[in-house]
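Please prepare a short briefing on how the helices pack and how the nonpolar cores are built in the structure shown below.

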Amino acid sequence: MRNPRKTNRQRYFTVLLTVLLMVSLTLTAVAADIPYKGYSYDEWDVAFPSQIGYLPVQVYYGDVDNKIVFSKPEDICVAENGDLYVLDSGNNRVVVLDRNYHLVKVLDTFINTDGSPYTLFSPTGIYMRGGDLYIADYENMTVVISDTNGNIRRLLQKPANGTFPQESEFRPQKVLCDSNGNVYVLVLGIYQGAVVFNAQGEFTGFYGNNTVQITARLLMDRFWKSIMNTDQQEQMSNYVPVQFTGFDISANDFMYTCTGVNVGVESELACVNPSGSNLWANAVTTGDLEIGYHKVHAYRTVFVDVAVAQDDFVFALDSTRGRIFMYDTEGNMIFAFGGKGSQKGTFTLPSAVETRDDEVLVLDKSKASLTVFRPTTYGQTVREALSLYIEGDYDGSKQLWEQVLVEDGNMYTAYIGIGKALLYDGQYKEAIEYFRRGRAYEYESRAFSEYRTQLLREAFPYLISGLCALVVIVAVCWYLLRRRQKKERGRNNHA
């Protein structure tokens with residue numbers, strides 16, 4: 001006769017084993033679908049595994065109904081109603097998709113102010129603000145400003161002003177507009193910064209001039225050039241300012257720029273306020289901190305585009321490794337995702353990045369594709385925690401950061417977030433430890449200074465009381481000593 005308890009135990013064990021096996025297979029399948037790994041950097045700038053913040057959910061090679069197909073898409077922008085404007089450069093047109101990626105319309109012919117037709121020729125940049133469409137028409141050497149139906153309002157071309165280098169061609173690569181109507185254009189070969197036109201279309205100068213960075217290699221090369229002949233000097237590297245490769249602007253006119261590479265200079269991001277100051281001057285915003293090597297070639301991050309989201313998070317696109325880097329409002333790297341390859345979520349020749357709500361959209365010029373990324377549950381929690389802190393809800397952000405640390409104990413940003421919440425809550429001693437674990441040494445010093453002030457403030461009444469007591473004790477002792485001395489002198493005189 002069978003033992004019923006033993007039979008039940010076997011049945012439970014079989015069910016448990018089956019469930020564990022199914023979960024394992026599911027996790028393995030999910031991991032196999034993700035062609036990249038999440039990572040971050042420790043205090044020695046060495047990469048270590050981290051949770052993945054964004055996953056690729058869909059890849060489009062045109063609209064969802066396959067009515068049109070992309071060809072060498074260069075850039076993308078988002079309208080206020082959420083429609084996507086894809087600059088389909090290979091077909092010299094603008095493709096408009098709705099939120100569900102259905103085709104809305106195609107702008108392949110524009111209408112000039114005199115009624116004549118205008119056709120794009122290898123355009124490379126597109127931007128939208130207030131219902132106006134700005135297109136950097138590269139081969140036509142023109143910036144086209146039109147409405148959403150293709151009716152041209154204004155054409156911007158090479159300035160005749162002597163301030164603009166007249167020997168250079170006006171080949172616009174990227175374009176954007178600020179809240180005052182000023183138009184900023186990145187022009188090939190112009191190193192003075194972005195070319196600026198006012199709302200009336202008049203050239204007013206340059207914005208964000210980059211200078212040649214002084215490095216040890218630069219100084220050494222200058223020394224050798226001083227003792228070389230002309231032929232030898234021509235064979236050495238030429239040093240010119242680093243040119244912008246992409247830019248974007250926030251609702252409050254903070255401009256985010258990315259630069260290319262030069263001799264001894266890395267590609268990097270900058271957050272420039274309206275007065276021209278880089279707010280990220282002390283942040284590490286050069287993408288991957290470790291250099292990759294393949295045979296004899298070194299691979300460094302080269303940013304080609306940057307996008308700022310509505311909540312001021314910044315996403316930068318690396319053309320070398322096909323990765324997207326997410327930064328917070330202080331220039332701290334939060335996530336890195338994407339990669340090079342042929343799988344979903346990887347790229348061959350990434351050309352542009354844009355955001356819409358919580359989505360991150362990436363164009364691949366070679367694949368002629370549009371990849372849509374969405375945050376994981378972990379990534380959404382991190383983003384909400386950062387948003388709550390920016391809004392001033394420190395207690396709410398602290399609770400979310402604690403959830404993040406349960407999933408990933410190596411998330412330095414979570415330690416910093418909790419430390420900031422504790423700092424603003426007046427818990428300075430506890431904040432010091434979290435800042436130390438998050439490698440935020442500047443904030444740690446600030447918390448320590450506040451903690452020291454707090455201790456002095458709390459101890460001040462006791463210090464004053466002790467000082468007063470000491471003064472009284474000294475006065476009494478002095479009085480008693482003087483009195484004793486007088487008595488002794490009186491006895492001696494009497495004797």
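Contact here means heavy atoms within 4.5 Å, and helices (H or I, at least four residues) are DSSP runs numbered from the N terminus. This is a predicted model, in which local features need pLDDT of at least 70 and side-chain atom pairs count only at pLDDT 80 or more, while totals for chains, interfaces and linings use all residues. Residues are numbered from 1 along each chain as its sequence is written, and side-chain values use heavy atoms, with hydrogens and water left out.

**H6 and H7**
- In H6, Tyr412, Tyr415, Ile416, Ile418, Gly419, Lys420, Leu422 and Leu423 meet Tyr428, Glu430, Ala431, Tyr434, Phe435 and Arg437 of H7.
- The axes of H6 and helix H7 (residues 428-437), which are lines fitted to C-alpha atoms over the stretch in contact, come within 8 Å and cross at roughly 165°, and H6 is therefore roughly antiparallel to H7 (angles over 145 degrees, on a scale from 0 to 180 between N-to-C directions).

**H4 and H5**
- Helix H4 (residues 377-391) and helix H5 (residues 394-407) pack at about 155° with axes 8 Å apart, and they are therefore roughly antiparallel to each other.
- Residues on the H4 side of this contact include Tyr378, Val382 and Leu386, and those on the H5 side include Leu400, Trp401 and Val404.

**Nonpolar cores**
- The largest nonpolar core (buried Ala, Val, Leu, Ile, Met, Phe, Trp, Tyr and Cys residues joined through side-chain atoms within 4.5 Å, with buried meaning under 20% relative accessible area for a 1.4 Å probe and protein chains only) has 40 residues, and Phe337 and Val382 are among those with the most contacts inside it.
- Helix H6 (residues 412-424) supplies the largest share of this core, 6 residues.

Technical notes. Helices (H or I, at least four residues) and strands (E, at least two) are DSSP runs, numbered from the N terminus. Angles under 35 degrees count as roughly parallel, over 145 as roughly antiparallel, 65 to 115 as roughly perpendicular and the rest as oblique. Buried means under 20% relative accessible area, exposed over 50%, partly exposed in between (1.4 Å probe, protein chains only).
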